[in-house]
Amino acid sequence: MTLDILAYAAFFLSMALTYAIICLGLNVQWGMTGLFNVGIAAFVAVGAYTSALLTTPPSPDRFGGFELPIFVGWLGAAVTSGLLSWAVGALTIRLRSDYLAIATFGIAVTVQLCMLNLQPLTGGPFGIGFIPRPFAELQDNALAFSLANFAVMAVVVLALYLALEHLAKSPWGRVLRAIREDEMAAQALGKRPIRFRLQAFTLGGAIMGLAGAAQAHFIGFIAPDNYMPILTFQVWAMLIVGGSGNNRGAIAGAILVWGLWALSAAAVSTFVPAEQQARAASLQIVAIGVGLCLMLLWRPRGLFGEVSPLTRLKSLRSAPSKAPSKE
């Protein structure tokens, strides 16, 4: 019994860490740069399908099946999603806030339609199966298999976290925050906001593609239904709960919200009759929405939200100055 619980915990954390990678990518776009991307599902899907096509066995029904190593598939997924992000960003990066959101949502719908209709490439609504899983030789031992996958995901998340922390503290990261806070001021100092925003959008999309590849290989099967708009909602909720602008918050929010999603799914399957469970599944979205509202009321900046430099400056200016002591 204890071993089964440990195996499930490792499985749960592995899935949560794949979402943490997506959150880290969104944090580069929104938390560091202020780019409102609601097409997250598209970039995750492109990464998943790219890695699947590169690593699966040959199939007479569709293109791909090159049987390349998994790490090559992950690398290809990041590159392909990064290129798509660059192309989308080059066309839409000059748009602001809600206009950029509408444009990226349109991209997500376009990608989903392509997944459904380009059957010789994507398998259509039936998706792609037989995706190789890391440590497949350990599948007979649930605990060892889950722990091995968890170790891989933990290493990937740690490496991304350290790299992004370094970037955030570098001159490049400081420019991104300056553009987020006051783009005109950054431009007056000789920076080119559009170029930096495009770089951040591309990097964030590449990280999302890597996460899509990791999920595909962890599950072993992908289909268009895996990349519905609900995925975008989940990731945004994770980042808001954890704290926008903070990489630790992105990871913590992913684990917390994924835990709420898993608990609500277990509650539905336990307390709702089988014939009503399809309808009751929407209660998972309600649970996340309620949790998000409570978090915004309790901690508007999230668990580890970044305090804006302008906010710090305003608080210092508004603080009453101490009267000089009389001796």
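**Exercise 1. Decide whether Gly 76 is buried or exposed, and place this residue in the structure.**

Solution. Start with the area: Gly 76 has a relative accessible area of 15%, so this residue is buried (under 20% is buried, over 50% exposed, in between partly exposed; 1.4 Å probe, protein chains only). The model is predicted: local features need pLDDT of at least 70, side-chain atom pairs count only at pLDDT 80 or more, and totals for chains, interfaces and linings use all residues. Residues are numbered from 1 along each chain as its sequence is written, and side-chain values use heavy atoms, without hydrogens and water.

Next, find the element. Gly 76 sits in helix α3 (residues 70–92) (helices are DSSP runs of H or I, at least four residues, numbered from the N terminus). Then list the contacts. Gly 76 touches Thr 50 and Leu 54, leaving out residues up to four places away in sequence (contact: heavy atoms within 4.5 Å).

**Exercise 2. Describe helix α2 (residues 40–55) by span and burial.**

Solution. Take the span. The 16 residues of α2 reach 23 Å from first C-alpha to last, close to the expected 22 Å (1.5 Å times one less than the number of residues). Now burial: 16 of the 16 residues are buried, so α2 is largely enclosed by the rest of the structure.

**Exercise 3. Work out how helix α7 (residues 171–181) and helix α9 (residues 193–219) cross.**

Solution. The axes come within 10 Å and cross at roughly 110° (lines fitted to C-alpha atoms over the stretch in contact; angles run from 0 to 180 degrees between N-to-C directions). The two helices are therefore roughly perpendicular (65 to 115 degrees). Finally, the residues: Trp 172, Val 175, Leu 176 and Ile 179 in α7 meet α9 residues including Phe 196 and Leu 203.

Definitions and conventions: Parallel < 35°, antiparallel > 145°, perpendicular 65-115°, else oblique.
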